[in-house]
Amino acid sequence: MKKVIIVFISSLLLSNVSGGQSRLDYPIMAVPFSQVRIEDNFWLKRLETNWKVSLPHVFNQCEKTGRIQNFAVAGNIKEGKFEGTYFNDSDVYKIIEGAAYSLALFDDPALEKYVDDVITKIAAAQEEDGYLYTSRTIMSPDNMPPGGKERWSNISGGHELYCVGHMYEAAVAYFQATGKRSLLDVAVKNADLICEVFGPGKRREPPGHQEIEIGLVKLYRQTGNEKYLQAAKFFLDERGRPDGHGLYGPYSQDHMPVVEQNEAVGHSVRAAYMYTSMADVAALTGQDDYTKALNSIWENVAGKKLYITGGIGAQGGGEGFGGNYELPNIKAYCETCAAIANAFWNHRMFLLTGESKYIDVLERVIYNGFLSGVSMKGDKFFYPNPLESFHGTSRSPWFGCACCPSNVVRFVPSIPGYAYAQEGDSLYINLFIAGSADVKMKNQTVRIVQQTNYPWEGMVKISISPEENGAEFTLKIRIPAWARNEPVASDLYRYMKQNDEKVVLQVNGKPAVFETDKGYAAIRRYWKKGDVLELFLPMETRRVLANEKVLNNIGRVAIERGPIVYCAEGVDNPSGQVLDFILPDEEQIISEYRDDLLGGVVTLRAKAHKVKRRVDGSLEMQDGSEELMMIPYYAWCHRGQTPMAVWLARTIKAAKPLPAATIAYTSEVKVSRGGDIRALTDQLEPRSSIDHSNPFFHWWPQKGTLEWVEYHFKNPQEVSETAVYWFDDTGIGECRLPSSWRILYKSGEEWKPVENIESYLIEKDVYNKVCFKKITTNALRLEVQLPEEFSAGIHEWQVK
């Protein structure tokens with residue numbers, strides 16, 4: 001018999017306010033955790049791994065890095081100094097929240113006792129008036145928080161409010177999982193202090209990093225105390241005010257009032273947390289201008305800033321959104337936390353509107369952009385989730401800024417809770433996960449049982465059993481966007497070919513009569529015990545094209561099957577490479593389920609052609625073809641460091657073959673210091689100096705220093721020309737054009753300057769070429785003077 005698990009949904013915040021029904025709320029309510037069970041081959045093992053591996057692992061990391069000890073030191077339980085980063089408290093709170101969800105899933109007295117002990121330390125660390133921020137309470141002279149000793153002195157960067165927001169979420173979750181008020185009492189005491197300090201006629205700074213707003217709403221729902229909801233709304237309304245606030249700018253979405261915003265800008269996690277809380281406040285207050293702003297922002301993201309994996313955040317420099325259609329692959333940031341926040345936001349947008357397009361994005365996130373962020377063993381994590389890698393990378397067991405691992409452990413156990421929702425006498429089936437749900441309708445409880453091997457197979461069998469003999473209600477089954485010939489509800493992506501195979505719905509073996517309602521098949525009938533609905537989704541492999549304004553994907557194609565986005569990984573292909581393949585449009589793609597690979601996945605295979613780069617820089621397609629294998633994107637980077645690509649070339653120009661054997665490429669590269677030296681000779685042409693779509697070399701964080709790069713030749717070479725394409729990220733980073741540069745050659749043991757025929761150019765967006773008197777040498781040095789207050793970088797350094 002399969003193991004049955006009760007799912008504790010993270011959106012338990014959507015339950016009614018304690019002490020009575022809220023007058024205003026989301027029109028649609030997620031089915032509570034106590035009414036959902038899963039028996040699923042895909043998600044069940046991930047929930048168990050999260051409980052058995054991930055939670056102990058991250059708690060252990062918090063012990064090793066002093067995060068938990070900080071509470072003991074602040075509470076005078078033991079002596080010591082503050083360890084780590086000033087916002088480390090938040091990691092402990094998020095992990096407690098995840099532990100609370102797991103305690104609702106599994107009987108684990110040892111885990112509960114451990115969490116109780118941690119909460120005892122947290123309570124001890126709370127100051128008499130409710131203040132809780134261990135970095136400032138301990139005040140280690142060598143590790144002080146932003147703003148120093150004074151409370152609230154750096155709200156933009158100090159994260160005092162961010163940390164306690166996560167504490168509120170953890171407190172509500174732990175109370176609802178265990179019935180214990182220990183952490184909830186701490187949260188209420190702190191929130192009362194926040195309400196005393198901040199508000200109209202008091203301090204008016206909004207937090208630099210949004211999160212407290214979500215926590216305050218959860219605290220309001222649990223306690224029924226209206227002031228917490230008003231505080232959440234206050235913090236939102238203070239952003240971007242024209243009367244002296246709005247100090248943080250677009251990075252923290254503080255550039256204009258939230259109700260006037262219509263484009264996603266700045267730090268992507270902060271933004272999506274803010275959008276999530278705006279939806280909460282809109283639902284609970286009926287404030288339509290919040291909803292209008294959210295609609296505009298969502299259209300901007302879905303139409304111009306959403307990765308095919310559901311990830312958000314194009315730029316690593318600000319951990320945030322780029323410009324419209326700015327979606328680099330190799331430099332995609334797509335922070336794991338941002339994927340989680342994007343799921344939070346889209347789920348709430350569905351609860352506001354009942355539109356399936358939001359669940360379509362949520363599904364894209366959980367099977368792709370989020371799931372890649374945690375290893376299958378559950379003990380290693382990605383911070384960014386790129387869509388392309390030249391040399392491969394690896395997940396990490398922990399980070400100095402550990403927001404992603406701690407976010408993962410609270411999100412994983414909540415995923416099945418997004419499967420069902422209810423509105424009046426309508427029951428929504430949003431996600432296809434084997435298991436059951438007991439849904440309380442108007443007059444009785446209805447049991448729903450799903451049988452499916454989703455996401456690998458498209459057949460879903462749904463048994464409907466009303467508590468009584470029967471009942472009339474509407475069953476709304478989401479027809480995924482991918483099954484309706486649209487990847488997302490915008491023109492950002494489209495399928496290369498329309499799939500003519502239709503979605504099939506049957507009730508008791510006969511074609512179902514239904515209406516289409518906001519992406520759902522709505523079947524209203526008198527349902528009886530034993531009624532069976534069968535949904536057949538066409539699981540065809542699909543080629544996806546990006547809008548032509550996404551410059552990085554011109555001439556490229558992505559591959560999907562059902563909700564799964566695929567990638568090619570070098571380890572599966574004979575040459576160990578994937579970026580030099582062309583996948584012709586007409587080639588058939590064959591799918592095969594492999595139980596022996598990566599925990600069981602459907603793999604894809606197709607004939608593809610290799611592209612070779614000549615010494616003169618031109619490209620040619622090689623004769624013949626090779627088999628190209630693809631795996632689900634979430635499963636990459638589990639078999640060593642190897643090249644990977646989601647967007648595959650379909651034209652010669654879009655391919656990225658290995659470098660030709662030029663003088664530069666065959667040299668040994670040495671540098672004074674800096675980043676990835678392979679970028680200097682990869683022969684990938686930048687579109688501009690600010691181009692982040694390909695690797696680049698830089699000396700950041702060095703500023704104002706004299707730096708160098710050297711090419712050491714295998715044999716003496718006769719050279720007379722060199723060209724440098726500078727990297728300059730003005731506007732988003734700290735690299736600029738150099739103050740000066742020159743070329744030196746090695747003569748014996750001495751470095752001598754070349755005799756220039758031309759002057760040294762220093763220009764953006766072009767190769768800065770210089771010709772000099774012909775020399776024969778074993779090595780060249782490129783010497784660079786960095787600007788006084790900036791660093792510098794290089795896309796390519798060519799030698800002829």
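This text walks through the structure from its overall form to single helices and residues.

The model is predicted: local features need pLDDT of at least 70, side-chain atom pairs count only at pLDDT 80 or more, and totals for chains, interfaces and linings use all residues. Residues are numbered from 1 along each chain as its sequence is written, and side-chain values use heavy atoms, with hydrogens and water left out.

Start with the whole protein. Its secondary structure comes to 14 helices and 33 strands. Both are DSSP runs numbered from the N terminus: helices are H or I with at least four residues, strands are E with at least two. The radius of gyration is 28 Å, close to the 28 Å that the globule rule gives for 800 residues, so the protein is as compact as a globular protein of that length. That radius is taken over C-alpha atoms, and the rule is 2.2 Å times the number of residues to the power 0.38. Along the principal axes, the C-alpha trace spans about 95 × 65 × 50 Å.

Next, burial and contacts. Of the 800 residues, 62% count as buried. Buried means under 20% relative accessible area, exposed means over 50%, and partly exposed lies in between, with a 1.4 Å probe and protein chains only. Among contacts with a separation of 6 or more, 71% come from residues 24 or more positions apart. A contact means heavy atoms within 4.5 Å.

The accessible surface comes to about 29,500 Å², and 47% of it belongs to carbon and sulfur atoms. These areas come from the Shrake-Rupley method with a 1.4 Å probe; for residues, only the protein chains shown count as cover.

Now turn to helix 8, residues 212-223. It has twelve residues and reaches 16 Å from its first C-alpha to its last, close to the 16 Å expected at 1.5 Å a residue. The expected span is 1.5 Å times one less than the number of residues. Eleven of the twelve residues are buried, so helix 8 is largely enclosed by the rest of the structure. Charged side chains are on the buried list too, including Glu-213, Lys-218 and Arg-221. The buried residues pack against several helices, among them helix 3 (89-105), helix 6 (160-178) and helix 12 (336-353). Just after helix 8, Gly-224 takes a positive phi of about 80°.

Glu-213 lies in this helix. At 0% relative accessibility, Glu-213 counts as buried. Beyond its neighbours within four places in sequence, Glu-213 is in contact with Pro-207, Ala-232, Phe-235, Leu-236, Arg-239 and Ser-277. Asp-676 is 463 residues away along the chain from Glu-213, and their C-alpha atoms are separated by 40 Å.

Two of the packing partners deserve a look. The 19 residues of helix 6 should span 27 Å at 1.5 Å a residue, and its end C-alpha atoms are 27 Å apart, which agrees. Of those 19 residues, 15 are buried, so helix 6 is largely enclosed by the rest of the structure. Gly-179, just after helix 6, has a positive phi of about 80°. In helix 12, 18 of 18 residues are buried. Gly-354 follows helix 12, with a positive phi near 75°.

Finally, a strand. Ala-471 sits in strand 10 (residues 470-478). At 11% relative accessibility, Ala-471 counts as buried. Leaving aside neighbours within four places in sequence, Ala-471 is in contact with Gln-444, Pro-466, Arg-525, Tyr-526 and Trp-527. The C-alpha atoms of Ala-471 and Asp-596 are separated by 45 Å, with their positions 125 residues apart along the chain.
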